[in-house]
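Student: Could we go through the empty spaces in this one together, and then look at a bit of the surface?
Tutor: Gladly; here it is.

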Amino acid sequence: MTTTEEAPAPATGPDGPPAAVRRGPRRLLGALAGLVAAAVALGVAEPVAAFVGPASSPVVAVGDTVITLVPEPVKQFAISTFGENDKIALVAGTLVVVALYALLIGLLSLRSRRLGVAGIALFGVLGALAAATRPAGGLLDALPSVVGALVGILALLLLVDPLTLPARATAPPTAAPRTAAPRTADEAVMDRLRDALSMADRTGTGMDRRRFFLTGGVALGAAAVTGGGGRFLQRRFDVSNARGDLTLPTPSSPAAALPPGADLAEQVEGLTPLFTPTRDFYRVDTAITVPQVRPADYRLELTGMFDSPRSYTLAELFGRDDVIERDVTLTCVSNEVGGQLAGTARWIGVPLGDLLRENGVSGRSDQLVCRSVDGMTIGAPTRSALEVEDAMIVFGMNGEPLPVEHGFPVRMLIPGLYGYVSACKWMTSIEATTYDAFDAYWVERDWAADGPIKVASRIDTPAPLRQFPAGRRAIAGVAWAQTRGISRVEVRVDDGRWQEARLAPAVDADLWRQWQLPFDFAPGSYQLTVRATAADGEVQTEERARPFPNGASGLHSIRVIAT
């Protein structure tokens with residue numbers, strides 16, 4: 001005789017439905033609620049930042065704080081990996097962390113709304129502290145984070161509410177009359193499945209999905225409108241039009257005329273041009289949002305150890321009778337051997353040394369602390385500012401007012417020094433002081449106080465690891481040693497002897513120098529190495545060093561393939 005067991009009823013929770021049926025979807029929607037609430041918080045913060053200032057935006061403020069707090073090896077990794085896109089990568093990484101945090105807050109809010117509220121409140125507090133404690137920040141800068149957090153909390157509560165409804169009491173389904181005839185195992189399984197589906201569709205699940213998705217849709221729409229509208233409103237801070245209305249003064253001392261054939265890039269394909277187009281000029285700084293300074297509001301303050309400290313408007317700087325124009329190569333201290341963080345431009349400004357002397361800079365000052373509008377501090381040696389002939393307060397680049405991202409309206413430039421000790425952008429003050437009295441931003445982070453540019457050279461063509469037809473081809477690149485100039489460049493093929501390359505005509509000691517060496521390549525693989533010699537006889541060192549703490553060194557060497 002065959003017997004069949006009655007199908008057991010599915011396990012139910014106190015609200016009636018199976019626990020497994022409720023748990024998965026609710027957790028998913030709870031996490032989504034946290035993500036949407038965070039989007040609302042960030043979106044609402046943007047229009048508030050449009051009235052306070054773009055740098056008060058929570059993402060920007062937190063990003064600025066991250067840049068300040070992360071260890072130097074992490075910064076160097078970001079610059080070497082992402083180059084000039086390091087800030088984009090930072091913002092993207094910050095948003096990913098915020099998203100993960102928001103997902104966790106959404107899950108916690110299903111257990112306790114207080115935990116969810118506390119999580120978003122903590123997010124707001126961190127954003128407010130980051131904004132208010134920036135070097136150029138204040139209490140008002142905390143407002144976008146505070147307002148965003150409050151609205152985010154409201155959004156979270158509205159989104160979680162449909163997911164935590166008390167289950168409605170319902171009677172269990174009436175069992176169908178059982179026939180005396182025995183059932184097969186397949187029929188028993190189908191009965192269990194039908195019972196489970198019936199329980200899942202019952203109204204006592206404790207969730208109102210329709211209300212959740214309706215609320216979520218409205219919240220996302222609000223986040224998109226407020227976020228996009230806020231970014232649009234922040235354009236009122238943009239100074240591009242005011243910059244475009246400026247006319248640079250005619251230099252009383254123009255740059256030296258270029259000799260014929262000065263730019264070998266016109267003859268050698270792949271060679272870096274003598275002058276870097278402004279759009280291609282490298283940019284490395286800590287500013288996530290580019291400071292916007294209106295020309296009419298600009299003041300350059302001289303403070304500290306001066307006999308007669310004073311301030312200058314932009315019009316007063318433009319109106320001086322000692323405006324100069326100079327061709328200078330800049331190099332970032334983060335530039336690796338063979339790297340691209342170097343460029344040349346034609347700069348217009350006023351001599352830094354003359355400005356310091358006419359205001360009576362003290363002989364006891366050995367450091368100039370230059371401050372940017374965003375609070376960045378750059379410590380430059382007073383001696384270099386006074387003695388380097390082409391040290392400048394710059395307001396023009398390649399025939400136009402400084403681009404906003406390169407320091408508009410005013411920056412500093414001292415040839416022969418890496419930018420971290422000489423090239424303060426968006427500069428608003430110069431304090432004559434001493435190294436004992438103050439550590440500037442990068443010195444606080446253990447970079448060397450002095451930053452003389454090392455002799456450097458680079459191979460531009462042939463490109464590494466790219467195949468090219470065998471035959472006669474130029475090996476070419478650039479070399480630089482600011483304030484001294486380059487007197488010789490040599491190239492070694494594999495382990496052969498050093499061969500002297502042909503140099504481009506000399507233009508200025510502050511300008512890099514192009515070089516080329518024609519070579520007959522037979523099919524095969526070659527290791528190419530370059531070294532330069534400065535005009536004072538210093539030969540580029542073979543000793544390899546990373547950029548930290550005072551600039552990279554070593555010889556640039558690449559492998560190429562002729563076919």
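Student: Which strand gives the most to the lining of the largest cavity?
Tutor: That is strand 11 (residues 456-461), which supplies three residues of the lining; strands (E, at least two residues) and helices (H or I, at least four) are DSSP runs numbered from the N terminus. This is a predicted model, in which local features need pLDDT of at least 70 and side-chain atom pairs count only at pLDDT 80 or more, while totals for chains, interfaces and linings use all residues. Residues are numbered from 1 along each chain as its sequence is written, and side-chain values use heavy atoms, with hydrogens and water left out.

Student: What counts as a cavity or a pocket here?
Tutor: On a 1 Å grid over the protein atoms alone, a cavity is a set of points where a 1.4 Å probe fits but cannot get out, whereas a pocket is an open set with protein on both sides within 12 Å along at least five of seven lines; lining residues have an atom within 4 Å of a point. Points are joined across faces, edges and corners, and a volume is the space filled by probe spheres set on them.

Student: How many cavities of 30 Å³ or more are there, and what volume does the largest have?
Tutor: There are four cavities of 30 Å³ or more, and the largest has a volume of about 170 Å³. Its lining has 20 residues, of which N335, E336, A456, W480 and A552 lie nearest the centre.

Student: What classes do those lining residues fall into?
Tutor: The lining of the largest cavity divides into nine nonpolar, eight polar and three charged residues, where Ala, Val, Leu, Ile, Met, Phe, Trp, Tyr, Cys and Pro count as nonpolar, Asp, Glu, Lys and Arg as charged, and the others, Gly among them, as polar.

Student: And the second largest cavity, what lines that?
Tutor: The second largest cavity holds about 80 Å³ of space, and its lining residues include G34, A37, V98, Y101, I120 and F123. Helix 1, helix 4 and helix 5 (113-132) each supply at least two of its lining residues, and by class the lining has ten nonpolar, one polar and no charged residues.

Student: Switching to pockets, which residues lie nearest the centre of the largest one?
Tutor: P54, A55, V60, D64 and T289 lie nearest the centre of the largest pocket, out of 45 lining residues. The elements that give two or more residues to this lining are helix 1 (19-52), helix 2 (58-69) and helix 4 (86-111), with helix 2 giving the most, seven residues. The volume of the largest pocket is about 1,200 Å³.

Student: What about the second largest pocket, which helix gives the most there?
Tutor: Helix 3 does, with eight residues, in a pocket of about 780 Å³. The second largest pocket is lined by 42 residues, and I79, V284, D285, T286 and W442 lie nearest its centre.

Student: Last topic: where is A296, and is it buried or exposed?
Tutor: A296 is in the loop between helix 9 (240-244) and strand 1 (299-304), and it counts as exposed because its relative accessibility is 68%; buried means under 20% relative accessible area, exposed over 50%, and partly exposed in between (1.4 Å probe, protein chains only). The C-alpha atoms of A296 and L314 are separated by 7.4 Å, although these residues are 18 residues apart along the chain.
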